[in-house]
2 protein chains.
Amino acid sequence: MAETQSPVGSVDRALLILQEIGKHSRGVTLDELATRLGLPKSSLHRLLGALKHRGFAAQPEPSGPYFLGTEMLATAFRFYETMDLRTLVRPLLLRLSDEFAETVHMAMLDGGEVVYLDKVEAVRSITMTSVVGGRNAAHCTGVGKALLAWTYPTDEAIKAWAERYGPLATRTRNTITNPAKLATHLDQVRQRGYALDLEENEPGVRCVAAPVFLGRTAPVAAVSVTAIKDRMSPARLEEVGHNLRRAVAEQV
Amino acid sequence: MAETQSPVGSVDRALLILQEIGKHSRGVTLDELATRLGLPKSSLHRLLGALKHRGFAAQPEPSGPYFLGTEMLATAFRFYETMDLRTLVRPLLLRLSDEFAETVHMAMLDGGEVVYLDKVEAVRSITMTSVVGGRNAAHCTGVGKALLAWTYPTDEAIKAWAERYGPLATRTRNTITNPAKLATHLDQVRQRGYALDLEENEPGVRCVAAPVFLGRTAPVAAVSVTAIKDRMSPARLEEVGHNLRRAVAEQV
DNA sequence: CTAGCAAATTCCGAATAATGGAATGCTTGA
DNA sequence: TCAAGCATTCCATTATTCGGAATTTGCTAG
């Protein structure tokens, strides 16, 4: 399908400029922006003038590099502090539910547990322990391991977390309860880019989960796809894992 | 002086739309936006389409309310995590230094102390304890009290802070060292909107400080104007306090 | 269940805004 | 001091954006 055009070209250009400046926290020159965006310098200069006018871009030194401005940051921060993140993640959940035809969840980390914030149940749903608003242990759920892996990105940080919130409870014969083993396991999660729950929380239930970063280094949430083990063969797990990662990267 | 026009009108409109949506974390309808911004609905609808196209605005439900989109949030968050906040605050410091003809600072809270991150010295400078990169106690400096007042916005929170980082050291005969008195004092700071250091940190030195929020509920930094007491009469303190608040509100 | 109402969306002729190449200005380094 | 390179300004030209009117959609009340 051909890529659709933005309905207002000059606004589209301005947004692309903001995105590009956003990638350069040490500032970026007009010349470099023109090169990266393929825009004539005079047009770019005028669009930057418009962004500076409302504080979305800043140029602290005359003829110097450009930065995102305080108005861009403050508008985003103010909104985020009082918004409901579910509102922005739910379209992703709906897409995942449609794409994988399984139940999908969104959760956040809270100490040693995860809190389920949203859920879209598949037609062929299964009875599960997860209830929106409910909690589960982090170390033995897909969303929990996805959140732990990137919130505590080193073995030491994971061990410190386990020391504070442990001991890690056994839920099934597959549950990882040894902190050192969990740390090693989460190294693999980081390398793969998604977490797997192989009947670690509930017998017969498997899950694939990915972190949602929203531009941050630590995840703000995780989303998961859950199914009974008969519908989650190793090949299927890998397929879902890759597609989940891509969908998250594309949409949030 | 007449207000200058943005060099690209349609971009300016789009940014105004983003700012307005940013004020409504529960979402805002097209009709309400049109009313608040004084824009024809068809123009507004097209501009919103452009913002949605790049993910800066979102409309999770068809014909439903609009929200800031994940691209707007992610671009701001990603940039902020690796930027140097001094870059954006320094123009404010230069303006304050020019306006008040005194030495100005920018600082952040770190536990029981503040860290001075930037400084613009006035022509008629005074020898002071503050060194960029250096630290000072939070409870007896203007920037420290500005940061404490809004980072710990209740008496209980202040007392808990004092219990953790206390005892509060005496620096001059004016230093507030009693946590309950500090809490009461910080109530007054919140009501006034700026903090005062009346020779609490250094004999003969007075200071006015205001928090910098950048859209958040807790301040990301504080800025201050410092002078010897002979140049900071009670009337002058009030004048500087009001002008400082206004300058901060206008610029960051 | 249907009609009316209000908000959202689409359409398209008109006109205004945005464009970008060329020229100019400024700063830095040799 | 001069040249080079980046930033900024100018203005004739182009085409994008505009907004009122019409249409569509969804919800509510009778």
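Which residue of chain A forms a salt bridge with D12(B)? Keep that question in mind as you open the structure, which is a predicted model, and begin by selecting D12(B) together with R54(A), for these two residues form the salt bridge, with their closest N and O atoms 2.7 Å apart. Between chain B and chain A the count is two salt bridges, and across that interface 13 residue pairs are in polar contact.

**The interface of the two chains**

Stay with chain B for a moment and colour the elements that give two or more residues to the side that touches chain A, namely α1 (9-22), α3 (41-53), β2 (67-68), α4 (70-82) and α5 (85-100) of chain B. If you wish to look at one of them alone, choose α4(B), which gives the most to that side, with 13 residues. When the residues of this side of chain B are coloured by class, they divide into 28 nonpolar, 18 polar and nine charged.

Now select every residue that takes part in the contact, and you will have 55 residues of chain B against 55 residues of chain A. The two chains bury about 5000 Å² between them, with 71% of that area on carbon and sulfur atoms. Within chain B, show R54(B), F77(B) and F79(B) as sticks, since these lose the most area to chain A and together make up 14% of what that side buries.

**DNA strand D**

Move next to DNA strand D and show the 19 residues around it, of which G9(A), S10(A), D31(A), H45(A) and S43(B) come nearest. Of the atoms of this strand that come within 4 Å of the protein, sugar and phosphate account for 67%. The elements to highlight here are α1 (9-22), α2 (30-37) and α3 (41-53) of chain A, along with α1 and α3 of chain B, each of which supplies at least two residues of the surface near the strand.

Three residues of chain A are worth selecting one after another beside the phosphate oxygens of DNA strand D. At L30(A), a polar backbone atom is 3.3 Å from a phosphate oxygen, whereas at Q59(A) the atom in question is an N or O of the side chain, 3.4 Å from a phosphate oxygen. The side chain of Y66(A) likewise has an N or O atom 3.1 Å from a phosphate oxygen of the strand. By class, the surface near DNA strand D divides into five nonpolar, ten polar and four charged residues.

**DNA strand C**

Turn then to DNA strand C, where there are again 19 residues around the strand, with S42(A), S43(A), S10(B), D31(B) and H45(B) coming nearest. Sugar and phosphate account for 65% of the atoms of this strand that come within 4 Å of the protein. Here α1, α2 (30-37) and α3 of chain B, together with α1 and α3 of chain A, each supply at least two residues of the nearby surface.

Which part of DNA strand C lies 3.1 Å from a polar side-chain atom of R46(A)? Select R46(A) with the strand, and you will find that the partner is a base oxygen. For contacts with phosphate, go to chain B, where a polar backbone atom of S10(B) is 2.6 Å from a phosphate oxygen and a polar backbone atom of L30(B) is 3.3 Å from one.

**The domains of chain A**

To finish, hide the DNA and colour chain A by its division into domain 1 (9-81) and domain 2 (83-251). The C-alpha centres of these two domains lie 36 Å apart.

Note on methods. Residues numbered from 1 in each chain as written. Chains lettered and ligands numbered in written order. Predicted model: local features only at pLDDT ≥ 70, side-chain atom pairs only at ≥ 80, totals over all residues. Heavy atoms only, no water. Contact = heavy atoms within 4.5 Å. Buried area = accessible area lost by both parts, 1.4 Å probe. Salt bridge = Lys/Arg side-chain N within 4 Å of Asp/Glu carboxyl O. Polar contact = N/O pair within 3.5 Å; in protein donor to acceptor, adjacent residues only side chain to side chain. Helix = DSSP H or I, 4+ residues; strand = E, 2+ residues; numbered from the N terminus. Nonpolar A, V, L, I, M, F, W, Y, C, P; charged D, E, K, R; others polar. Near = heavy atom within 4 Å. Domains from an automatic or database assignment.
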